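Visitor: Could you show me how to read a few features of a protein model?
Guide: Gladly, let us look together.

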Amino acid sequence: MSEQPDDTKLADDPLYAGLKPVIYGENCPRVEVPDLKDGQPHWLVRAKTIRLLWWLFSGILALTVLAQLFIDVHDYFTVDGWFAFYAIFGFVSCLGMVIFAKVLGLFLKRPDTYYDDL
Amino acid sequence: MTISELMFPPAFIMILGAMLLPVVRASFRPVLLVLVPLLTLLMIWNLDDGVLLTARFLGYEVELVEASNVRRLFATIFALMAMIGGFFAFQHARVVEMSASMAYAAGAVGVSFAGDLITLFLFWEFMALFSTVVVWCGGTEEARRAGIRYGIMHLIGGIVLKIGIEGVAVQTGSIEVQALMLDSFATWMILIGVLINAAAPPVSAWLSDAYPEASPTGSVILSAFTTKTAVLALLLLFPGQQVLIWVGLYMIFYGIIYALMENDMRRILAYSIVNQVGFMVVGVGIGTELALNGVAAHAFSHIIYKALLLMSAGAVIVQTGKRKCTDLGGLYRTMPVTAICGTIGALAISSFPYTSGFISKSMISQSAAYGELAFVWYGLVAASAGVFLHAGIKFPWFVFFQKDSGLRPKDPSWNMQAAMIIFAVACVLLGVFPSLLYQFLPYEVTYVPYTADHLVTQLQLLLFAGLAFFVTLPLMKRTLTISLDIDFFYRKLGPKLWKSFVHWLVVLNGLFQTLVIDQGKRLPQLWIRYHGPDGPLARTWPTGSMLLWVAVMLVVILIGARLL
């Protein structure tokens with residue numbers, strides 16, 4: 001909806017008779033960024049909160065791995081029974097996918113107006 | 001009470017509803033939007049198993065309604081989706097869209113109960129028609145073009161399917177919907193026709209091309225029916241066909257990689273539909289009881305959480321008019337209901353414990369483990385992490401959190417909020433009480449999703465995928481781009497080639513005009529000039545010049561003879 005569609009062209013098309021595009025969010029309220037109340041941003045985005053969240057997240061990550069000391073993980077093949085297999089496999093495969101998408105993007109990405117000029 | 005003799009298929013209730021919607025008073029429409037699917041549900045749940053309604057059509061005995069538990073399960077979720085989707089839409093959608101959505105859902109219910117290939121085909125095409133109308137209801141120039149491309153793709157798919165059906169009918173004499181062998185051209189055609197609707201390669205692009213161009217309410221409806229009826233058709237026609245494992249794996253990773261490159265939030269979700277349908281296609285390919293149960297369960301829970309995700313995206317569009325991640329962010333401040341519901345949907349799609357995805361998708365990967373398909377299993381596990389990456393975190397992060405966009409929209413209208421809350425609750429309910437869903441699956445369920453080791457391994461997998469997301473966040477900086485896909489050939493290269501073809505036709509035509517036509521007109525004059533009364537070739541030749549030429553020829557012959 002970022003660009004105003006060409007109304008006249010649509011009206012000429014019998015398939016589209018009577019269908020007018022709806023423009024959404026015209027009156028969406030906006031504020032200046034950064035949005036500060038009493039000189040402070042929203043509590044969730046303060047550096048302090050984010051640091052706390054990282055600590056919390058790291059703690060949980062550690063817990064999920066350590067839990068494997070007490071819980072017997074059933075293995076179906078070989079590697080999947082190793083300690084922290086799921087953690088390492090999840091992390092590494094995601095890293096791989098992100099990098100692959102990045103490299104593929106170099107070849108496949110085009111400006112998002114690419115198909116507009118036809 | 002159960003019905004063993006039917007007057008009409010359940011789909012007809014919704015078709016009637018679709019016809020009534022435009023003519024009733026606007027205030028009565030929401031009632032109709034809820035009541036009609038409710039009546040359909042009532043009918044669906046009173047159907048006995050077996051063939052319930054037959055008719056003669058083109059000399060064939062067609063089975064308009066054949067019920068079984070898996071068919072009932074799919075029809076149920078389709079009717080539910082029509083109800084909640086319609087309720088979500090009624091304040092914003094055009095009447096055309098509401099009516100077309102209802103007819104589209106009716107087609108899906110019709111396919112669910114189709115006992116033979118002809119009935120299946122008829123409802124299949126019915127869906128293609130009305131889903132195209134839903135795309136058009138986007139109301140923009142982009143939607144008009146996308147709708148035409150979408151329509152063409154599905155009509156081609158329909159033709160391929162029909163060729164297959166006719167082949168099977170001629171070769172075997174049976175048009176029964178039953179497990180087919182991939183041993184003839186005809187059955188391959190049926191498989192390809194169905195796979196086109198499942199957004200399988202190489203034509204996966206139709207989905208992310210068309211769905212995001214529909215209206216904010218239309219894309220919710222579109223996400224549910226076409227691909228999932230294709231999954232049901234695969235489940236009934238091609239269980240255990242190995243080729244589907246590879247097709248599905250491709251779809252899974254295609255969805256992840258393209259979603260990672262994408263900027264438009266609804267296109268991210270569209271790619272993740274392909275990804276999720278990929279899981280189901282793999283399950284059909286594995287084909288064991290556990291796998292097929294997993295497919296049915298996953299289709300059911302997928303429709304709910306995917307609709308929920310698209311509802312939250314639709315709510316954002318309705319309130320802000322923005323659809324690109326680069327324009328959005330920080331909306332949790334003023335849209336808490338939408339942000340929470342969207343996040344629940346995102347957790348469910350990632351199979352987070354105690355959400356619906358956890359109890360359904362795990363059955364499919366488990367069946368790969370039992371089937372000792374090591375490669376497939378590692379692929380599915382990596383992909384499960386990838387789902388969390390591209391949909392589970394990426395979508396809510398870039399839309400509701402990340403940097404502040406400064407936009408301060410309110411939560412959407414009450415009906416939109418209610419629809420989102422209903423589906424969010426459903427995601428959690430199914431996750432916490434899996435037996436709610438398990439009792440309706442095609443085979444008896446012995447699978448237990450909640451074991452200590454499953455919980456621990458899944459949490460490890462997902463949370464470390466989350467870590468990977470935040471570690472690689474700089475690599476995922478949003479760009480104002482789209483990614484090339486197979487649609488490049490028919491959206492760019494095809495039109496370009498056509499344009500240059502037309503250009504060269506014009507040039508060739510000009511050349512032909514000057515070289516042939518114009519010269520042709522001069523031919524009679526040339527004839528007169530050279531052969532006319534004064535023409536050089538018509539003059540009498542003096543004897544002397546003839547003698548000279550004879551002498552020349554003799555010399556040539558002499559020299560020639562000498563040399564040889």
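**Reading helices, rings and pockets**

Guide: At the start of α11(B), the backbone nitrogen of B:Arg266 has a side-chain oxygen of B:Asp264 within 2.8 Å. A polar contact is a pair of N or O atoms within 3.5 Å; within protein, one must be able to donate a hydrogen and the other to accept it, and residues adjacent in sequence count only if both atoms are side-chain atoms. This is a predicted model, where local features need pLDDT of at least 70, side-chain atom pairs count only at pLDDT 80 or more, and totals for chains, interfaces and linings use all residues. Residues are numbered from 1 along each chain as its sequence is written, chains are lettered from A in the order in which they are written, and side-chain values use heavy atoms, with hydrogens and water left out.

Visitor: What span should helix α11 of chain B have?
Guide: Helices (H or I, at least four residues) are DSSP runs, numbered from the N terminus. The expected span is 1.5 Å times one less than the number of residues. For the 22 residues of α11 (residues 265–286) of chain B that gives 32 Å, and the end C-alpha atoms are 32 Å apart, which agrees. After α11(B) comes B:Gly287, with a positive phi near 75°.

Visitor: Is α11(B) buried or exposed?
Guide: Buried means under 20% relative accessible area, exposed over 50%, partly exposed in between (1.4 Å probe, protein chains only). In α11(B), 22 of the 22 residues are buried, so the rest of the structure largely encloses this helix.

Visitor: How many aromatic pairs are there over all chains?
Guide: A pair of aromatic rings is described by the distance of the centres and the angle of the planes. Rings of Phe, Tyr and Trp (its six-membered ring) pair if their centres lie within 6.5 Å; planes under 30 degrees apart count as stacked, over 60 as edge-to-face and the rest as tilted. The count is 39 over all chains. For A:Phe77 and B:Trp377, the centres are 5.4 Å apart and the planes at 50°, so this pair is tilted. A:Phe77 lies in a loop of chain A and B:Trp377 in helix α15 of chain B, so the pair joins two chains. A:Phe77 is buried at 16% relative accessible area, and B:Trp377 is buried at 4%.

Visitor: Which residues do ring pairs link into a cluster?
Guide: They are A:Trp54, A:Phe57, B:Trp397, B:Phe398, B:Phe469 and B:Phe470.
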